[in-house]
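I sat down with this one to see how its parts fit together. Here are my notes, in the order I looked things up.

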Amino acid sequence: MPLFKPQLLTHHKVVDWGYTEELEPYSYDNLEAWVEKGEHGSLGYLADHRMQVRSSLKNVFPECESTLVFLFSYHQEKLALEEFYKGPDSHGIKLASYVLGFEGKDYHLRVRESLEELATKLSEGHDDLKWRLSLDIQPVLERDLAHRAGLGWFGKNSMLISKDKGSFFIIGSLLLNKKLEIPMRPIETDHCGQCRACVDACPTQAIDEDTRTLTAEKCISTWTIEHFKEGPDAPIGMEKASGEVFGCDICQDVCPWNDRPVRLGLEAQDTKIFEKNNSFLIEEILKKNLTELSGDLQEVSNRGFVKKFLHTPLGRTGRRGFLKNLYFWKKP
Ligand code: B12
Ligand code: SF4
Ligand code: SF4
């Protein structure tokens with residue numbers, strides 16, 4: 001019986017997938033150079049002993065022989081969110097679109113379930129197939145992995161970009177103890193060309209177009225998601241952004257490759273479905289104005305906040321971290 005049946009690997013959020021037997025990243029040197037320059041800033045987990053772990057998938061899963069890489073898209077939800085922002089219920093508070101891309105749930109939970117489902121289907125009748133998943137928090141250079149699986153190139157904004165699917169997707173992978181004996185796709189070439197829209201649009205000038213990496217501490221995403229309490233000042237220039245209180249999509253919004261899926265027929269998720277799936281975050285966050293929202297959060301305890309938002313990506317910053325972000329836009 002063949003080990004691999006492509007029809008098993010369908011899932012409603014997966015817009016593309018690829019396969020690679022290359023276990024070592026092409027760009028580990030880039031990571032080392034980036035860390036050496038101190039560009040990782042406060043993201044210590046990229047620079048400590050876990051940096052070297054990223055040099056081979058064997059360090060994460062010693063039996064690894066191959067990997068299936070999946071792109072879990074949230075582009076339809078992104079388009080629906082943009083419509084919401086233009087409507088009368090929005091008061092200018094912006095959440096990164098991935099937050100509402102998985103029915104308002106933390107994608108680490110949702111995509112994990114989907115990867116487990118895919119792995120179970122793949123393993124049926126193959127008791128000797130072992131797998132580990134990689135989803136964001138494992139010490140794996142996931143964009144490089146997706147690149148090796150032929151799924152896209154590194155944009156100047158450092159996103160992994162697919163020619164047909166843009167960049168509004170989460171990368172999730174299954175590390176396998178067997179080769180699946182299927183052809184690997186060719187490696188994607190660069191399609192940024194002379195464009196530098198993202199470099200110009202980034203309000204905090206976080207993008208180094210030569211190395212296609214970011215200065216982590218200049219990125220609004222770092223400041224709003226990774227700093228859990230009052231601490232370093234917001235990156236210079238953040239005031240030119242537009243109400244980002246958790247994550248930032250600006251360098252993807254301006255990328256012409258994110259228009260292409262729309263030209264190819266991708267439509268916004270139906271408004272009713274979008275609002276039903278995300279009713280909690282829409283009611284609790286997006287329909288409020290800054291005064292109302294910060295007032296409400298002053299009333300809850302730190303523990304109360306975590307309990308309330310734990311199942312969403314917002315649980316990550318905690319109450320203090322989230323209030324810090326709100327206060328940036330509206331000083332108390
Ligand atoms: C740390 C981290 C962050 C940090 C730092 C981001 C960064 N650019 O380094 C912060 C908090 C800023 C962040 C923000 C975001 N993140 Co993040 N993040 C990560 C994480 C955990 C590690 C990334 C990392 O190793 N960075 C170190 C740098 C040096 O590596 P790199 O970004 O891969 O850069 C490579 C290129 O520069 C490459 N390179 C450059 N030129 C060339 C040329 C060639 C030929 C080659 C081969 C390679 C190459 O070499 C580098 C090393 O591989 C990954 C998950 C993972 N485990 O990989 C998610 C991940 C990168 N993040 C993701 C997302 C969705 C985001 C946000 C969009 C969230 C948001 N809306 O706010 C933003 C986007 C900001 C941006 N423009 O990058 C997705 C990206 C999906 C995609 N399409 O690329 C990932 C893959 C999570 C996932 N599993 O889906 N993130
Ligand atoms: S996510 Fe925002 S702040 Fe970070 S590099 Fe992109 S545009 Fe700049
Ligand atoms: S905006 Fe232009 S330069 Fe930036 S990633 Fe997209 S195509 Fe590349």
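**Entry 1: a helix pair**

I started near the C-terminal numbers and found that H13 and H14 are roughly perpendicular to each other; by my cut-offs, angles under 35 degrees are roughly parallel, over 145 roughly antiparallel, 65 to 115 roughly perpendicular and the rest oblique. The axes of helix H13 (residues 302-309) and helix H14 (residues 318-329) cross at roughly 90 degrees and come within 7 Å. I take axes as lines fitted to C-alpha atoms, for helices over the stretch in contact, with angles from 0 to 180 degrees between N-to-C directions. Helices (H or I, at least four residues) and strands (E, at least two) are DSSP runs numbered from the N terminus.

Before going on, a reminder to myself: this is a predicted model, where local features need pLDDT of at least 70 and side-chain atom pairs count only at pLDDT 80 or more, while totals for chains, interfaces and linings use all residues. Residues are numbered from 1 along each chain as its sequence is written, with chains lettered from A and ligands numbered from 1 in the order in which they are written.

Which residues of H13 meet H14? I noted Asn 302, Phe 305 and Val 306, set against Gly 318, Arg 319 and Arg 320 in H14; contact here is C-beta atoms, placed from the backbone, within 7 Å. The residues of this contact divide into 2 nonpolar, 2 polar and 2 charged. For classes, I count Ala, Val, Leu, Ile, Met, Phe, Trp, Tyr, Cys and Pro as nonpolar, Asp, Glu, Lys and Arg as charged, and the others, Gly among them, as polar.

**Entry 2: the sheet**

Next I traced an open sheet of 4 strands in the order E1-E2-E7-E4, with antiparallel pairing; strands pair if DSSP finds at least two bridges between them. Strand E1 (14-20) and strand E4 (131-134) are the edges, each pairing on one side only. On average, neighbouring strands are turned by 20 degrees against each other, direction ignored. Strand E2 (residues 66-73) is joined to E7 by 8 bridges, and I found Val 69 opposite Ser 173 in E7. Helix H4 (residues 107-123) packs on the sheet, touching E2, E4 and E7, and its direction makes about 40 degrees with that of E7.

**Entry 3: two domains**

The chain is divided into domain 1 (6-73 + 106-176) and domain 2 (197-329), with bounds from an automatic or database domain assignment. Their centres, taken over C-alpha atoms, are 23 Å apart. Domain 1 gives 20 residues to the contact and domain 2 gives 25. On the domain 1 side I have 6 nonpolar, 9 polar and 5 charged residues.

**Entry 4: the ligands**

How many residues surround ligand 1? I got 41, the closest being Ser 27, Asn 30, Ala 96, Glu 142 and Gly 247; near means a C-beta atom, placed from the backbone, within 6 Å. That shell divides into 23 nonpolar, 11 polar and 7 charged residues, and each of domain 1 and domain 2 gives at least three.

Around ligand 2 I listed 9 nonpolar, 3 polar and no charged residues. Among them are Cys 202, Cys 219, Cys 248 and Cys 251. H7 and helix H8 (250-253) each supply at least two residues of this shell.

Ligand 3 has Cys 192, Cys 195, Cys 198 and Cys 255 among its surrounding residues, and its shell also draws at least three residues from each of domain 1 and domain 2.

Terms used: Contact = placed C-beta atoms within 7 Å.
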